[in-house]
Amino acid sequence: MSDCSSCPVRGRAICASLDAGELAELGRMGRRQRVKAGHTLLWEGDDVPLVANVLKGVLKLVVAAADGREQIVGIVFHSDFIGRPFGKESPYRVTAMTDAEVCIYNRNSFDAFAGAHPHLQQKLLQRTLDELDRARYWMMLLGRKSAGEKVASFLLEMSERLSGHRGVIGREAGFELPFGRQQIADILGLTVETTCRQLTRMRAAGLLDLPSRREVVIRDQRAMELAAG
């Protein structure tokens, strides 16, 4: 059983629309699970027995091409939802990039609960539409942008997801990435050497500071947005 009242993403997850009684009912269905970095929670093409809210950490969504190559098609953070309610097969593999914690629900039980609560179904629909928008943006990012534009776009998105910064001009946005530069390169379909060169170039141009290997401070929001294309 999961204690929804102490949930760290209570106000941002899909269950935010539920009242105290509904939360208690949902909590009796859920259980918290820690996921070590590198562990796979769901496998591509397999029947999906569960859905989950992400409480902590970062997980990646991965699909395999016919030749065996893999591509990261999305990243999920705390308060994001994973799995396919009202569906059967997973279209991607879900693997932890960092140590993570999730709140897991049996998919059939969750589907029955959602079917009885229309406002939760509405939240699920909104999440699905948001994910569709993000997938379309990801396709453009990987397929049409230059290396510099990819890195700039990625850092802007990480700034919004990790620091809550939403493009306030004149304000520096600092955040710490939960993964290293090799993983950034893997996400963007670049080599780590190319990724590092782009970061060094942006720092030299005054767009950002890199206080440590994972800390990023965007110094010039407008210039970074222009660099993103």
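A strand here is a DSSP run of type E with at least two residues, numbered from the N terminus. With that in hand, let's walk through this structure, which is a predicted model.

Our starting point is Ala-64, which belongs to strand S4, spanning residues 59-64. Is Ala-64 buried or exposed, or something in between? Its relative accessibility is 40%, so Ala-64 counts as partly exposed, since that label covers values between 20% and 50%. Now look at what surrounds this residue. Setting aside neighbours within four places in sequence, Ala-64 touches Glu-44, Arg-69 and Glu-70. You can also find Tyr-92 from here: Ala-64 and Tyr-92 are separated by 28 residues in sequence, while their C-alpha atoms lie 8.1 Å apart in space.

Next, move along the chain to helix H3, which covers residues 118-144 and includes Leu-129. Like Ala-64, Leu-129 is classed as partly exposed, because its relative accessibility is 41%. Leu-129 also has company on the surface: together with Leu-125 and Leu-132, this residue forms a nonpolar patch. The three leucines share about 260 Å² of accessible area.

Finally, turn to a pair of helices, H5 (residues 181-188) and H6 (residues 192-204). How are the two arranged as they pack? Their axes are 8 Å apart and meet at an angle of about 105°. Angles from 65 to 115 degrees count as roughly perpendicular, so H5 and H6 are described that way. From H5, the contact is made by Arg-181, Gln-182, Ile-184 and Ala-185. On the H6 side, the partners are Val-192, Thr-195, Cys-196 and Leu-199.

Notes. Residues are numbered from 1 along each chain as its sequence is written. This is a predicted model: local features need pLDDT of at least 70, side-chain atom pairs count only at pLDDT 80 or more; totals for chains, interfaces and linings use all residues. Side-chain values use heavy atoms; hydrogens and water are left out. Patches are made of residues with over 30% relative accessible area and no salt bridge: like charges are joined within 9 Å, nonpolar side chains (Val, Leu, Ile, Met, Phe, Trp, Tyr) within 5 Å. Accessible areas come from the Shrake-Rupley method with a 1.4 Å probe; for residues, only the protein chains shown count as cover. A salt bridge is a side-chain nitrogen of Lys or Arg within 4 Å of a carboxyl oxygen of Asp or Glu. Helices (H or I, at least four residues) and strands (E, at least two) are DSSP runs, numbered from the N terminus. Buried means under 20% relative accessible area, exposed over 50%, partly exposed in between (1.4 Å probe, protein chains only). Axes are lines fitted to C-alpha atoms, for helices over the stretch in contact, and angles run from 0 to 180 degrees between N-to-C directions. Angles under 35 degrees count as roughly parallel, over 145 as roughly antiparallel, 65 to 115 as roughly perpendicular and the rest as oblique. Contact means heavy atoms within 4.5 Å.
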